[in-house]
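Got the viewer open? Let's take a walk through the model, one selection at a time.

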Amino acid sequence: PPEEVEDVSEPTKRDRSHLESTLKLNEDKPADDFSGVLQRLRKIYHSSIKPLEQSYRYNELRQHEITDGEITSKPMVLFLGPWSVGKSSMINYLLGLDDTPYQLYTGAEPTTSEFTVIMHGPKLKTIEGIVMAADSARSFSPLEKFGQNFLEKLIGIEVPHKLLERVTFVDTPGIIENRKQQERGYPFNDVCQWFIDRADLIFVVFDPTKLDVGLELEMLFRQLKGRESQIRIILNKADSLATQELMRVYGALFWSLAPLINVTEPPRVYVSSFWPQDYHPDTHKDLFLKEEISLLEDLNQVIENRMENKIAFIRQHAIRVRIHALLVDRYLQTYKDKMTFFSDGELVFRDIVEDPDKFFIFKSILAKTNVSKFDLPNREAYKDFFGINPITSFKLLSQQCSYMGGCFLEKIEKAITRELPDLLGSIGLGKKPNVLSCDITGCGETPKNRYRKP
């Protein structure tokens, strides 16, 4: 019968014209020149933030040094989620890589075991992770610290695609696998955290036919804390379910995620099917197409706001460095107050590290400075931190001042409250007036979801 013949034939590809138009791939727009702003941003970072960061070894707490390559890098879009939910297919689809030799492998079993960085280049080629990390002009040189085993699991693909001139994609191995960290041979969570800290947009992709919200996912959302405004949740392969089932899954997903995300505004969820094949017949094609276009607009927004995001990112980093410095200072002050001529320094300090609440260390920071409780680092992290860095190797904040350079703390506070917001304002002048109010960029202490649809 003719029906059967039809099933065997090549699945029809869907029309891609909305991709071209929404992402403005055919426009030859002159690139905005932000070199002056970037110079100022680097100067603020090096003079006002980095000294405090180095003095209190912030990098050992969060593995987070900011290189110049990173200050000038393109926006990064990170794809996270369980294996086989369609992360790689989605990238193939957005870049039109399917059926080319460089398409990312896709399939039902876990296929991506590497972190794959897809970036712009004059011709299609792959780059070894070791080469990427060695090149200090790229923003990936800090990844060297995760060791040789990890660099073998890092791969770069250069593609001559218009979209990649403005943004870089990162595909990650499926997160939710019941595999232990040790089996991967490198600190998987730390590597994920490194990418999460730097991503401008984080797509957490789910397959509605196997929705599994387990411990690994809880772990993932713990790592995403503080990055809520960058998260977008994607319910992929939505055309594989009947409407009623899809509604149920959508509800179940929110129900399971609610305790994991502490924001007043729920993250945006896109329900669609991101791959080149046509939507399943008898499903809500119009809805899926609209959702896809919204997602593409979201992506565009990130590209347009890349400079604002960069400044907001550096500012968020400065806020964390400042809190870390205040905490170390407080631990040190408490230690000095408790020490007497006869006491054993190590025992005294162990007591403080084991139970900081007894000495109101975290509470006092919240009380005396405008610090949000969501920005406070984890207490356990400080046990590890002081395990490597003895308390006696630090100086009090009040001693970190020089006649010429002023005080470290004052400089970072000035950067957070005045210099970085002013820099943001200066970009806004050339754009539409009033667009860059603090509501959008979150230059107040409470970061807003700056991609919210009005």
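Start by selecting Y382 and showing whatever lies around it. Leaving out neighbours within four places in sequence, Y382 is in contact with L61, H324, L327, V328, Y331, F362 and P377. Bear in mind as you click around that this is a predicted model.

Now widen the view to the nonpolar core. Y331, Y382 and F386 are the residues with the most contacts inside the largest nonpolar core, which has 52 residues. Which helix gives the largest share of this core? Colour α14 to see: 15 of the core residues come from there. If you'd like the other contributors too, at least two residues each are supplied by α3 (35–55), α4 (58–62), α14 (306–338), α15, α16 (361–368), α17 and α18 (408–430). There is also a second, separate core of 46 residues, with V191, I196, L220 and L224 among its members. As background, nonpolar side chains in soluble globular proteins tend to be buried together.

Next, go for the rings. Across the whole structure, a search turns up 23 aromatic pairs. Pick F115 and F188: this pair is tilted, at 5.9 Å centre to centre with 45 degrees between the planes. The two rings connect distant parts of the chain, since F115 sits in strand β2 (residues 115–120) and F188 in helix α10 (residues 188–198), 73 residues apart. Buried or exposed, F115 and F188? Switch on a surface: F115 is buried, and F188 is buried as well.

Then jump to F349 and F386. Their ring centres are 5.1 Å apart and the planes stand at 90 degrees, so this pair is edge-to-face. F349 belongs to helix α15 (residues 345–354) and F386 to helix α17 (residues 379–388), so the pair ties together parts 37 residues apart in sequence. Both F349 and F386 are buried.

Keep those two on screen and add the rest of their cluster. Ring pairs join Y56, Y331, Y335, F349, F362, Y382, F385, F386 and F394, so you'll recognise Y382 from the opening stop. While F394 is displayed, bring in R57: R57 lies over the face of the F394 ring, 4.8 Å from the ring centre.

From Y56 in that cluster, hop over to Q400. The side chains of Q400 and Y56 make a polar contact at 3.5 Å. Where does Q400 lie? Look in the loop between α17 and β9 (401–402). Q400 has a relative accessible area of 8%, so Q400 counts as buried. Apart from residues up to four places away in sequence, Q400 touches S55, Y56, K395, G406, C407 and F408.

C407 leads straight to the next stop. Show the sulfurs of C401 and C407: these two cysteines form a disulfide, with the sulfur atoms 2.0 Å apart. A search of the whole structure finds one disulfide. Its S-S torsion is about 110 degrees, so the C401 and C407 disulfide is right-handed. C401 has 36% relative accessibility and counts as partly exposed. For a contrasting cysteine, click C192, which counts as buried at 2%.

Last stop: helix α6 (residues 87–95). How many of the residues in α6 are buried? Nine of its nine are, and the list runs K87, S88, S89, M90, I91, N92, Y93, L94 and L95. Step on to G96, which follows α6, and you'll find a positive phi, near 65 degrees.

Note on methods:
Residues numbered from 1 in each chain as written. Predicted model: local features only at pLDDT ≥ 70, side-chain atom pairs only at ≥ 80, totals over all residues. Heavy atoms only, no water. Phe/Tyr/Trp six-rings, centres within 6.5 Å; stacked < 30°, edge-to-face > 60°. Helix = DSSP H or I, 4+ residues; strand = E, 2+ residues; numbered from the N terminus. Buried < 20%, exposed > 50% of the residue type's maximum accessible area, 1.4 Å probe, protein only. Lys NZ or Arg CZ within 6 Å of the ring centre and 35° of its normal. Core = buried A, V, L, I, M, F, W, Y, C linked by side-chain atoms within 4.5 Å. Contact = heavy atoms within 4.5 Å. Disulfide = S-S within 2.5 Å. Polar contact = N/O pair within 3.5 Å; in protein donor to acceptor, adjacent residues only side chain to side chain.
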